[in-house]
Amino acid sequence: MKKINEIFYSLQGEGHNTGTPAVFIRFSGCNLQCSFCDTDHTYGTQMSDEQIIAEVKRYPQAQLIVLTGGEPSLFIDSAFITVLKHATGATIAIETNGTNPLPPEIDWVTLSPKTGIPGGDNAPLAINECNELKVVYVGQPLEQYFSIKASHYYLQPCASGNIVNDRLNTKATIDAVLADPRWTLSLQTHKLLGIR
């Protein structure tokens, strides 16, 4: 059984696959305590693998499934990924803080390390290679992240919910990207569009 916060169909709002239709499996629970987390970890429904797959199959048009959270690596293994892939034929992506090893069957890894962020330094990274690195920017030093091998490096302003602070941090993030073009700006476009 896995604790699931929600399963829904929408557009990927962040990073390399922005705009791509996807089914999101949002797990409830994390080993870190980041203040800006947008998942309510107190809420969740215990679901079997069969129930999760049945819910995902309600959206057969989706060619991308995103495992997110919380921290999905706490709940998945090779057997689950293999069954999910066979049942759907979809590409399986994960959004992870990188503090746990991942099953090799995952097709796309978005690593969002929380080093240098209050509440996020509780565990060391267990992976140092990914398809895309997506750093939530709160003003922390950025050079540390280039020790991680990635095909794409994204810098995303942290959304705190405070309009004034968020505007200032967005400007600081843009300035950081302009100062170091190894980064590409990532925005939470789903929030801008008013979708999940």
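## A walk through the sheet and its helices

Start by selecting Gly70, which sits in the loop between strand 4 and helix 2. Keep in mind that this is a predicted model. Now add Gly69 and look at the link between the two: the peptide bond from Gly69 to Gly70 is cis, with omega near 15°. That's worth a pause, since most peptide bonds are trans.

**Stop 1: strand 4**

Step back to strand 4, residues 64–68. Is it enclosed or open? Five of its five residues are buried, so the rest of the structure largely encloses strand 4. Colour the two faces separately: Leu64, Val66 and Thr68 point to one side, Ile65 and Leu67 to the other, and all of them are buried.

Next, bring up the neighbours. On one flank, strand 4 runs parallel to strand 2, joined by four bridges. Pick Arg26 and you'll find Thr68 of strand 4 opposite. Strand 5 also runs parallel to strand 4, again with four bridges. Two pairs to click on here: Val66 stands opposite Ala93 in strand 5, and Ile65 has Ile92 of strand 5 as its bridge partner.

**Stop 2: strand 5 and onward**

Select residues 91–96 to get strand 5. Five of those six residues are buried, so strand 5 too is largely enclosed by the rest of the structure. Show helix 2 along with strands 4 and 5, and you have a right-handed β-α-β unit.

Moving along, strand 6 (residues 108–111) runs parallel to strand 5, and four bridges join them. To see one such pairing, select Glu95 and then its bridge partner in strand 6, Thr110.

Just past that is Ser112, in the loop between strand 6 and strand 7 (129–137). Is Ser112 buried or exposed? Its relative accessible area is 7%, under the 20% cut-off, so Ser112 is buried. What does it touch, leaving aside neighbours within four places in sequence? Show Thr96, Asn97, Lys134 and Val136, which are in contact with Ser112.

**Stop 3: the whole sheet**

Zoom out and display the strands. They make an open sheet of nine strands in the order 3-1-2-4-5-6-7-8-9, with mixed pairing. The edges are strand 3 (45–47) and strand 9 (184–185); each has a single partner strand, so one side of each lacks a neighbour in the sheet.

Now focus on strand 1 (residues 2–11). It pairs with strand 2 (residues 21–27) in the antiparallel sense, over seven bridges. Try Ile7, whose bridge partner in strand 2 is Ile25, then Glu6, which stands opposite Arg26 in strand 2. Arg26 should look familiar: Thr68 in strand 4 is opposite it as well. Strand 1 pairs with strand 3 too, antiparallel over three bridges. For that pairing, select Lys2 and look across to Met47 in strand 3.

**Stop 4: two helices on the sheet**

Turn on helix 2, residues 78–88. Helix 2 lies across strand 1, strand 2, strand 4 and strand 5, and runs at about 155° to strand 4.

Add helix 1, residues 49–56. How do the two helices pack? Their axes are 10 Å apart, at an angle of about 35°, and the crossing is right-handed. To see the contact, select Asp49, Ile52, Ile53 and Val56 in helix 1, then Phe80, Val83, Leu84, Ala87 and Thr88 in helix 2. By type, the contact residues divide into seven nonpolar, one polar and one charged.

**Stop 5: two exposed residues**

Follow the chain out of helix 1 to Pro60, in the loop between helix 1 and strand 4. With a relative accessible area of 60%, Pro60 is exposed. Draw a C-alpha to C-alpha distance from Pro60 to Thr88: these residues are 28 apart in sequence and 7.4 Å apart in space.

Last, go to Ile163 in helix 3 (residues 163–179). Is Ile163 buried or exposed? Its relative accessible area is 56%, over the 50% cut-off, so Ile163 is exposed. One final distance to draw is from Ile163 to Lys57: 106 residues in sequence and 38 Å in space, C-alpha to C-alpha.

Definitions and conventions. Residues numbered from 1 in each chain as written. Predicted model: local features only at pLDDT ≥ 70, side-chain atom pairs only at ≥ 80, totals over all residues. Heavy atoms only, no water. Axes fitted to C-alpha atoms, helices over the stretch in contact; angles between N-to-C directions. Left-handed = near helix turned anticlockwise from the far one by under 90°. Contact = heavy atoms within 4.5 Å. Nonpolar A, V, L, I, M, F, W, Y, C, P; charged D, E, K, R; others polar. Buried < 20%, exposed > 50% of the residue type's maximum accessible area, 1.4 Å probe, protein only. Pairing = 2+ DSSP bridges. Right-handed = clockwise from strand over helix to strand, strands pointing away.
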